[in-house]
Amino acid sequence: MYNFGDVILANVQFTDTFEIKKRPALVLFEEQGNIVVLGVTSNLKMQGIRLSKSEGAIKESVIKMNYIFTISEKMIEKFLFKISQEKKSKIKDELIKRIN
């Protein structure tokens, strides 16, 4: 079972190709084997919330607030780390801003 704030490594199919790559993602929630996640990228030019190596990321990264998708639990390779409570609050605030 995965929870909000877990960073995972998952096999992700890109929307513009049939290619599948292993990519980190941040879990928003899990329901009935489906996991809703935010994409994470090491492209620091992208907009989003920064994720540092000191927090557990392999590279300095960005949590992409505009890249939300659903994956099957079977697509997860492994759990990587959990983000802080402070970072979770920041993500919630950003999501609420975007919804409103």
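Strands, like helices, are DSSP runs, numbered from the N terminus, and that is how the loop holding glutamate 19 gets its address between E1 and E2. The model looked at here is a predicted one.

Starting with the whole chain, the protein has 6 strands and 1 helix. Reading from the N terminus, the order is β-β-β-β-β-β-α. The radius of gyration is 13 Å, close to the 13 Å that the globule rule gives for 100 residues, so the chain is as compact as a globular protein of that length. Measured out along its principal axes, the C-alpha trace spans about 30 × 30 × 25 Å.As for what is tucked away, buried residues make up 40% of the 100 residues. Among contacts between residues at least 6 apart in sequence, 54% join residues at least 24 apart. The accessible surface of the chain comes to about 6,600 Å², and carbon and sulfur atoms account for 51% of that. On the charge side, there are 17 positive and 12 negative side chains, with the centres of the two sets lying 6 Å apart.

Now for strand E1, beginning with aspartate 6, which has its place there. Is this residue buried or exposed? With a relative accessibility of 3%, aspartate 6 counts as buried, because buried means under 20% relative accessible area. A polar atom of its side chain lies 2.9 Å from the backbone nitrogen of asparagine 3. Setting aside neighbours within four places in sequence, aspartate 6 is in contact with Ala25, Leu26, Val27, Phe79, Phe81 and Lys82.

Asparagine 11 also lies in strand E1, which covers residues 6–13. Its relative accessibility is 18%, so asparagine 11 counts as buried too. Which side chain does the side chain of asparagine 11 make a polar contact with? The partner is the side chain of lysine 22, at 3.5 Å. Lysine 22 turns up again in the list of residues in contact with asparagine 11 once neighbours within four places in sequence are left aside: Ile20, Lys21, Lys22, Met75 and Glu77.

Back in the loop between E1 and E2 sits glutamate 19. Its relative accessibility of 41% makes glutamate 19 partly exposed. Apart from neighbours within four places in sequence, glutamate 19 is in contact with Val12, Gln13 and Phe14.

The next loop to visit runs between strand E2 (20–31) and strand E3 (34–41), and glutamine 32 is found in it. Here the backbone does something worth a look: phi of glutamine 32 is near 50 degrees, a positive value in a residue other than glycine. Glutamine 32 is exposed, with a relative accessible area of 77%.

Last comes serine 72, which has its place in strand E5 (residues 61–72). Serine 72 has a relative accessible area of 26% and is partly exposed. How many residues along the chain lie between serine 72 and isoleucine 35, counted as a separation? The two are 37 residues apart, yet their C-alpha atoms are separated by 6.1 Å.

Technical notes: Residues numbered from 1 in each chain as written. Predicted model: local features only at pLDDT ≥ 70, side-chain atom pairs only at ≥ 80, totals over all residues. Heavy atoms only, no water. Helix = DSSP H or I, 4+ residues; strand = E, 2+ residues; numbered from the N terminus. Rg over C-alpha atoms; globule rule 2.2 N^0.38 Å. Buried < 20%, exposed > 50% of the residue type's maximum accessible area, 1.4 Å probe, protein only. Contact = heavy atoms within 4.5 Å. Areas by Shrake-Rupley, 256 points an atom, 1.4 Å probe, with all protein chains shown as cover. Lys, Arg positive; Asp, Glu negative; His and termini not counted. Charge placed at Lys NZ, Arg CZ, Asp CG, Glu CD. Polar contact = N/O pair within 3.5 Å; in protein donor to acceptor, adjacent residues only side chain to side chain.
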